[in-house]
Amino acid sequence: MLNLKDPSLLRQQCFIDGEWRDADNAATITVTNPATGETLGTVPRMGALETARAIAAANAAWPAWRKKSARERSVILREWNDLMIENADDLALIMTAEQGKPLLESKGEIAYAASFIEWFAEEGKRIEGDTLQSPWADRRLVVTKEPIGVCAAITPWNFPAAMITRKAGPALAAGCPMVVKPAELTPFSALALAELAARAGMPKGVFSVVTGDSRAIGGEMTGNPLVRKLTFTGSTQVGRVLMEQCAPTIKKLSLELGGNAPFIVFDDADLDAAVEGAIGSKYRNAGQTCVCANRLYVQDGVYERFAEKLVAAVEKLKVGNGQDIGVTQGPLIEEKAVQKVEQHIADALSKGARLLTGGKRHALGHSFFQPTVIADVTSNMQVASEETFGPLAPLFRFDTEDDVIAMANDTEFGLAAYFYSRDIGRVWRVADALETGMVGVNTGLISTEVAPFGGVKQSGLGREGSRYGIDDYLVVKYICMAGM
Ligand code: ADP
């Protein structure tokens with residue numbers, strides 16, 4: 001079992017209205033370690049009724065929470081941040097056990113997760129309104145910003161902690177309570193965060209975590225009129241369903257959905273830097289991030305050399321149990337994920353792609369997969385239009401800047417894009433032309449709490465992190481003061 005310094009961080013109940021609870025019918029979900037298949041424990045299989053209770057508790061907690069000064073809320077958030085940092089080793093162990101990512105990446109995620117709480121603890125103090133120039137001599141026009149109200153969050157398994165804090169940080173700082181439904185595959189990270197929130201002095205009902213049946217919980221979160229806003233990170237397909245379910249009660253929505261990130265290497269790129277960026281962007285979290293490079297476009301003049309260097313770097317990656325020292329790639333989250341990677345490889349090879357390295361399930365069994373590179377990939381292959389969400393780098397070849405921009409934008413998605421070039425004119429042209437919410441120039445890693453994360457097109461709505469991120473949890477009120 002897990003060797004935690006503080007075993008009480010592994011919670012097997014839900015946190016609702018400040019109390020640890022089981023499902024009404026005592027049903028549970030079993031959580032397993034993807035690297036070993038062993039059972040880690042169980043969490044309650046809750047449904048609509050328990051979710052409605054958490055929402056009601058949040059609504060009851062809202063008036064007192066919003067009345068607190070930004071600084072009072074900040075003190076609690078700051079304490080929550082500090083507790084995450086203090087318990088980072090345990091939180092990372094829990095994360096690696098349920099999610100599979102290497103321990104070093106888990107530790108990195110805990111620091112990243114905490115950074116959103118720290119950032120918004122401060123940002124909450126800077127929510128400012130406006131006074132407008134009045135067109136009337138006897139009136140003053142004022143704009144204030146208010147917390148939107150009870151927020152519901154549905155989060156994915158690929159970043160079990162950070163996708164929660166990136167939502168909870170701005171919501172709580174703005175004065176909104178939040179009910180979170182974590183992914184059923186990685187609930188322990190979420191429950192550990194709830195335990196730390198309680199220890200930090202979070203008032204009851206302000207932050208609840210409900211685990212269980214995603215349709216039943218999602219149905220209540222989207223249908224309940226007390227919920228004023230839904231924030232979701234996950235697939236575009238589920239995002240569409242949730243958006244539809246929110247329509248009858250006209251909820252404000254933040255959606256961080258799928259990506260299909262292009263990663264472009266121009267002839268004038270620093271190839272070693274591009275390889276390093278590609279490794280980070282493609283193989284981090286075994287390729288299971290929504291900003292992972294999904295299509296690597298390499299210009300004719302450097303195509304073979306880049307491919308060679310990339311293969312050499314990929315062959316140095318070490319696959320294994322994320323808990324073991326030196327491992328750089330853990331298992332995929334589940335069997336279904338492996339099948340998708342296999343399907344993309346088979347489809348590409350059947351249409352003429354060349355296998356350069358990897359291509360198969362790893363000898364370790366379970367859901368381990370070999371880091372893979374394929375070349376001569378073309379736009380008629382599945383990898384061109386679908387997110388692989390696995391350790392597969394498909395290399396496309398291109399000729400001109402215009403060609404690659406057209407190919408990069410030829411997708412319904414628009415989350416992140418990356419490109420490598422040292423020509424300053426080209427850097428601006430391409431950065432402007434890419435239809436995505438985020439662009440990495442000469443880097444494969446762009447995420448930070450101080451920058452706005454989010455997409456365009458069918459990659460979603462709204463922004464998370466940064467000073468823009470808090471707007472998603474605020475509503476604007478216009479006050480017209482007459483009778484002077
Ligand atoms: P991923 O590709 O990350 O697995 P999903 O969109 O399937 O993306 O899942 C993201 C989150 O959405 C998870 O917490 C999952 O339980 C939840 N989810 C999936 N289907 C639904 C649904 N119909 N209603 C509400 N939540 C859902």
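This report walks through a strand, its neighbours and a ligand site in a predicted model.

## Strand β7 and its partners

A good place to start is strand β7, residues 151-154. Its side chains alternate: Cys-151 and Ala-153 point one way, Ala-152 and Ile-154 point the other way, and all of them are buried.

β7 has parallel partners. With strand β8 (residues 178-181), β7 forms four bridges in the parallel sense, and Cys-151 sits opposite Met-178 of β8. To get from β7 to β8 the chain passes through α5, and this β-α-β crossover is right-handed. β7 also pairs in the parallel sense with strand β10 (residues 229-233), again over four bridges. Here Ile-154 has Phe-232 of β10 as its bridge partner.

## Helix α5

Now for the helix in that crossover. α5 covers residues 162-174, and 13 of its 13 residues are buried, so the helix is mostly covered.

Does its length fit its residue count, and what span should we expect? At 1.5 Å a residue, the 13 residues of α5 should span 18 Å. The C-alpha atoms at its ends are 18 Å apart, which agrees with that expectation. Just after α5 comes Gly-175, with a positive phi of about 105°.

## Around the ligand

Finally, have a look at the ligand. It is surrounded by 13 residues, and the closest are Ser-214, Gly-218, Gly-234, Ser-235 and Val-238. By class, this shell holds five nonpolar, five polar and three charged residues.

Two helices, α7 (214-223) and α8 (236-246), each supply at least two residues of the shell. α7 gives the most, with three residues.

Methods. Residues numbered from 1 in each chain as written. Predicted model: local features only at pLDDT ≥ 70, side-chain atom pairs only at ≥ 80, totals over all residues. Near = placed C-beta within 6 Å. Nonpolar A, V, L, I, M, F, W, Y, C, P; charged D, E, K, R; others polar. Expected span 1.5 Å × (residues − 1). Buried ≥ 20, exposed ≤ 12 C-beta atoms within 10 Å, placed from the backbone. Pairing = 2+ DSSP bridges. Right-handed = clockwise from strand over helix to strand, strands pointing away.
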